[in-house]
Amino acid sequence: MSNIEFLSFREDPIKATAKYLLELKEKGIPLEKVALVFGGRRPGMFLNRELFRMHGKPLLSPVFFTMDEFASYIACRQDPCSQIGDLDAEYFIYQLCRDKYPGLLREDKSFASFLPWAREIRVFIEQLDLQDIPEEKLKAVEASAAIGYAVPEPVNKLLENISKVRNDFEKYCFKEKKLTRGLMYREAARSALIPPRFTSKSKQGGLGSQKEPREDSNPGWIFEDFSHFVFSGFFYFHETELAIVKTILDSGKAKMLFQGDPEEWPVLKMNAKALAPLDFQGNLNRGVKLPEGVSGDNKVDIQLYCGQDSHAEAALVRQVLEKVEDPENTLLVVPDPAKLPVLLSAVSPLPADFNISLGYPLQRTIVFPLFDGIFRAQENKKANLYYSRDYLKIMTNSVIKNLSLETGSTAVRITIHKIAEALLGTVASPVAGKLFISLEEIIADQEIFEQAEVLSGSPQNKLREEIKFLHKMLFSDWQDINTLASLAEKAGELVLAVNKYSEFSSYPFNVKAIEETLNLAETVSSAACSKEIFEPADLFRIFRLFLESAKLSFSGSPLKGLQILGLLETRSLSFKEVLVTGLNEGTVPQIRQLEPLIPREIMLTLGINRLEKEEEIQRYLFRRVIGGAEKVHLFYQEAGQNERSRFLEQILWEKQKSEKKLDVFIPQRGVFRVEPSLKEEKTAKTAEIVALLKEFTYSPSSIDTYLDCPRQFYFRYVMNLQEKTDLLATPEPREIGTFVHELLQQTFSVFLNQRPVLDSKFEESFFRAFKKKFEEDFHPRMGDGAFLLETVLKHRLEKFLQNEKERPVAKLIVLEMPYPYKIGDFKLKAKVDRVDELDDGTLLVVDYKTGGKIEVPAKLQKLRDMSLDRSAMKKTIKTFQMPIYVSIFRDSQFGREVNACLYNLRETRLIMCFKKEDPDERTESLGLILDAAQQLLKEIIDPAVPFAADLSNIWQCENCLFTYLCK
């Protein structure tokens with residue numbers, strides 16, 4: 001019987017393994033004395049089920065190992081040891097570099113800053129051990145590093161000392177009897193595993209000792225535990241894995257089951273040559289059984305599906321799964337765990353059960369932003385003052401604001417929203433707009449808790465106590481942390497409290513997030529460095545790094561329902577129907593493109609080619625899982641920069657080549673009905689609204705608002721809806737405009753009824769006022785970020801003053817003064833920024849513009865041809881503001897010649913309302929515009945004309961404050 005056998009992709013490796021085990025049983029080998037080694041744990045459960053099905057009754061099962069467990073079993077059998085934690089290994093590497101090789105540390109010599117490098121060094125040493133790279137090869141690298149690679153100096157320093165660092169690190173591991181994964185494999189391959197024809201004669205004994213093999217009739221110690229060994233479902237081997245497997249295969253008491261044709265897969269051929277060099281060359285003493293025929297991919301029914309994005313792709317997956325007849329023989333492969341929530345939301349309404357097994361990033365759960373917010377709040381605080389944005393980010397986190405404390409979740413949520421309104425300046429409060437606040441200031445704000453009491457019905461004293469509780473849990477408790485153990489303790493307390501006081505655990509992802517956070521906290525608190533004193537910022541960086549790399553593992557019923565697996569979890573499993581999602585470049589294959597620490601050329605010199613191996617492993621897993629199916633559904637996206645996966649392109653090319661035509665697969669595309677989000681919404685005018693509008697005092701800007709969009713007028717002036725002011729946010733353009741208007745009124749008021757004299761004395765006073773006002777209005781909100789805005793505003797105002805010196809202004813008549821006015825029966829009030837009397841005796845009404853649209857009415861002929869409907873007025877008149885200003889001052893100044901202008905402060909130029917023309921033409925233009933204004937005002941109060949949304953300008957709609965009210 002061959003001890004190495006290759007199965008085709010069409011064969012089920014679980015069934016083949018079960019069949020072989022039953023043959024062993026018939027030969028008198030007890031299954032409980034068989035060691036069965038898979039790449040992962042999941043195949044063992046499927047194998048037990050298959051054994052029961054084939055045997056027809058219960059039986060003792062083999063002893064299952066993953067390859068990691070098998071190596072650990074061998075390495076630690078005679079001299080017990082355990083696997084060292086990553087953090088312990090990285091902390092020792094840090095101490096080693098700090099004490100013996102200080103040149104390897106960068107300028108910041110803290111553990112937190114060195115941790116990413118320590119992690120890279122640990123992984124590099126582990127690769128060296130897995131591949132059993134001898135010290136001679138490292139010496140060659142060290143010699144080249146001494147000359148200097150084209151890499152940063154610390155990397156050269158590391159490479160110069162790599163063998164010393166490796167040896168010192170390994171001595172520490174052996175002393176503590178805590179081995180890395182790489183050392184477990186190396187020890188199992190080198191010393192702990194003895195070929196059956198040898199026994200050991202140790203010079204020193206124990207882990208890491210050198211063993212001298214000698215001829216002996218003893219069959220070898222490992223065979224005292226097991227009579228037979230089966231290795232199934234492997235593809236790529238490290239050198240140490242090959243050594244372990246070959247030693248056992250050489251005993252004649254083992255079987256290796258590969259899947260795939262070695263002529264198609266060079267890695268499989270390489271494995272066979274390494275494990276049975278003579279047999280594979282044709283001398284079949286034991287024999288190598290090759291698969292019958294090729295992989296059989298061309299016999300698979302393959303369908304392609306194309307979606308625009310993740311949601312469209314998920315909808316297509318659901319459509320396919322709705323037609324699946326046998327969910328327990330169906331597999332959904334999700335190569336990108338980040339897409340899992342979208343897919344689950346699509347498939348969860350289906351009646352079939354499903355089981356998930358893939359690593360979902362903890363960073364994408366709601367737990368991570370909560371911890372990240374807490375850490376940032378501590379990092380950014382000044383003494384006992386917290387940055388208001390950090391404070392609000394934590395308190396308004398969806399988990400925190402919905403905690404159900406004694407007063408209930410509604411009362412907590414109302415109180416937190418009232419705190420947010422106070423800080424943002426939506427309501428008057430002593431803390432409004434403060435960049436940094438203390439927790440005591442929040443508690444002392446009487447207005448916050450009075451309003452919360454009215455809205456929630458809960459007593460102020462209880463609401464205060466609950467906010468104090470949250471302050472302690474989220475802020476105060478994190479202030480004095482100085483060890484990883486204390487940080488881990490607080491992290492555990494936080495997630496348990498969140499779970500206790502909320503419905504957080506009703507969502508499966510949150511349950512797993514809590515479990516993983518508690519596991520992470522336990523791992524960190526049990527680390528050797530957990531009691532070491534660190535700066536708080538370093539502690540937060542360390543814990544954040546662990547949070548970022550943590551994965552959620554889901555446990556379900558692997559033998560029941562639809563299986564949802566990652567690509568790696570499909571090893572050794574076969575299904576009749578397979579769906580593979582995310583077949584786009586960057587997702588399949590998903591390969592780390594950079595080696596941040598060790599250059600790729602050095603890895604290649606040492607015989608470590610991780611990039612090519614990762615791609616080949618993923619290609620093999622993909623082809624294997626679809627090659628064993630009867631029906632395959634492949635999904636990809638084509639929007640934006642998405643390209644189809646090279647694996648998918650290879651399948652298409654093979655099909656095109658075999659059928660000698662291009663259109664071999666026509667992808668099915670998701671068809672979704674899409675309607676414009678903006679509809680022509682209308683609001684009828686009730687009698688009350690009409691009465692209000694008849695008594696309303698209009699402004700030129702309110703008339704312009706109706707001209708632009710009647711529905712916007714309705715929201716702003718009838719419903720009186722206003723944009724919330726956020727005193728902590730970057731200033732909005734309208735706030736900058738208000739700032740400039742108030743500054744110019746304040747500083748130019750000294751020139752009322754006289755000629756402005758803009759000398760150096762005035763400029764000095766002007767910019768002193770500018771500096772003071774800017775620091776009061778914007779600096780507390782923006783902090784250091786205010787520098788750029790201040791510089792830009794100062795530059796524009798300098799250009800403004802320079803321009804003002806050259807303008808022929810004889811007298812400044814008006815500054816920021818409201819003027820009542822009437823158009824027909826309609827009351828108006830216009831607030832004028834400024835009115836100048838020019839040297840020629842004419843008046844010029846000035847309206848400052850810091851942004852927004854800058855338009856003036858059309859020329860006389862177009863005004864004559866204009867019809868008196870709103871859309872025509874909008875295109876021709878464009879704005880009533882300046883003509884109304886001109887009309888007001890022509891009437892009040894007894895017919896003096898008046899013009900108006902928009903003063904563009906961005907470009908420092910004046911845009912005149914009326915050009916130099918015949919006075920009679922100006923009078924006619926003004927008359928036509930005022931008649932149109934009266935007609936528009938009549939339309940505003942006309943109950944037969946509803947407030948309808950104007951959809952003629954999509955850009956205007958997209959930037960409207962009330963867009964979402966029109967949807």
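Contact means heavy atoms within 4.5 Å. The model is predicted: local features need pLDDT of at least 70, side-chain atom pairs count only at pLDDT 80 or more, and totals for chains, interfaces and linings use all residues. Residues are numbered from 1 along each chain as its sequence is written, and side-chain values use heavy atoms, with hydrogens and water left out.

**Exercise 1. List the contacts of aspartate 950, then place the residue and find its polar partners.**

Step 1. Leave out residues up to four places away in sequence; aspartate 950 then touches Asp708, Cys709, Pro710, Arg870, Lys874 and Cys957.

Step 2. Locate the residue. Aspartate 950 sits in the loop between strand E28 (947–948) and helix H38 (954–958). Helices (H or I, at least four residues) and strands (E, at least two) are DSSP runs, numbered from the N terminus.

Step 3. Check burial. Buried means under 20% relative accessible area, exposed over 50%, partly exposed in between (1.4 Å probe, protein chains only). Aspartate 950 has a relative accessible area of 8%, so it is buried.

Step 4. Look for polar contacts. These are pairs of N or O atoms within 3.5 Å; within protein, one must be able to donate a hydrogen and the other to accept it, and residues adjacent in sequence count only if both atoms are side-chain atoms. The aspartate 950 side chain makes one with the side chain of arginine 870 at 3.0 Å. Another goes to the side chain of lysine 874 at 3.1 Å.

**Exercise 2. Work through the salt bridges of arginine 186, aspartate 839 and aspartate 836.**

Step 1. Set the criterion. A salt bridge is a side-chain nitrogen of Lys or Arg within 4 Å of a carboxyl oxygen of Asp or Glu. Side chains of opposite charge can pair when their charged atoms come close. A search of the whole structure gives 59 salt bridges.

Step 2. Take arginine 186. Its salt-bridge partner is glutamate 187, with the closest N and O atoms 3.9 Å apart. Arginine 186 is buried at 5% relative accessible area. Glutamate 187 is buried at 4%. Both belong to a network of salt bridges that links Asp129, Arg166, Glu170, Arg186 and Glu187.

Step 3. Take aspartate 839. Its side chain meets that of arginine 755 in a salt bridge (3.3 Å, N to O). The pair links distant parts of the chain, 84 residues apart: aspartate 839 is in the loop between strand E24 (826–838) and strand E25 (843–849), arginine 755 in the loop between H30 and helix H31 (760–777). Aspartate 839 is partly exposed at 46% relative accessible area, and arginine 755 is partly exposed at 44%.

Step 4. Take aspartate 836. Its side chain and that of arginine 807 form a salt bridge (2.6 Å, N to O). Aspartate 836 lies in strand E24 and arginine 807 in the loop between helix H33 (786–806) and strand E23 (809–823), so the pair ties together parts 29 residues apart in sequence. Both residues, aspartate 836 and arginine 807, are buried.

**Exercise 3. Classify the aromatic pair of tyrosine 386 and phenylalanine 475.**

Step 1. State the rule. Rings of Phe, Tyr and Trp (its six-membered ring) pair if their centres lie within 6.5 Å; planes under 30 degrees apart count as stacked, over 60 as edge-to-face and the rest as tilted. The structure holds 64 aromatic pairs.

Step 2. Apply the rule. Tyrosine 386 and phenylalanine 475 are 5.0 Å apart centre to centre, with 65 degrees between the planes, and the pair is edge-to-face.

Step 3. Place the rings. Tyrosine 386 is in strand E15 (residues 386–387) and phenylalanine 475 in the loop between helix H20 (460–474) and helix H21 (484–500), 89 residues apart. Tyrosine 386 and phenylalanine 475 are both buried.

**Exercise 4. Describe the setting of serine 702.**

Step 1. Serine 702 is in helix H28 (residues 700–708). At 1% relative accessibility, serine 702 counts as buried.

Step 2. Not counting residues up to four places away in sequence, serine 702 touches Phe713 and Tyr717.

Step 3. Serine 702 and glutamine 881 are 179 residues apart in sequence, yet 9.3 Å apart in space, C-alpha to C-alpha.

**Exercise 5. Summarise the whole chain.**

Step 1. Count elements: the protein chain has 38 helices and 28 strands.

Step 2. Judge burial: 53% of its 967 residues count as buried.

Step 3. Split the contacts: among those with a separation of 6 or more, residues 24 or more positions apart account for 76%.
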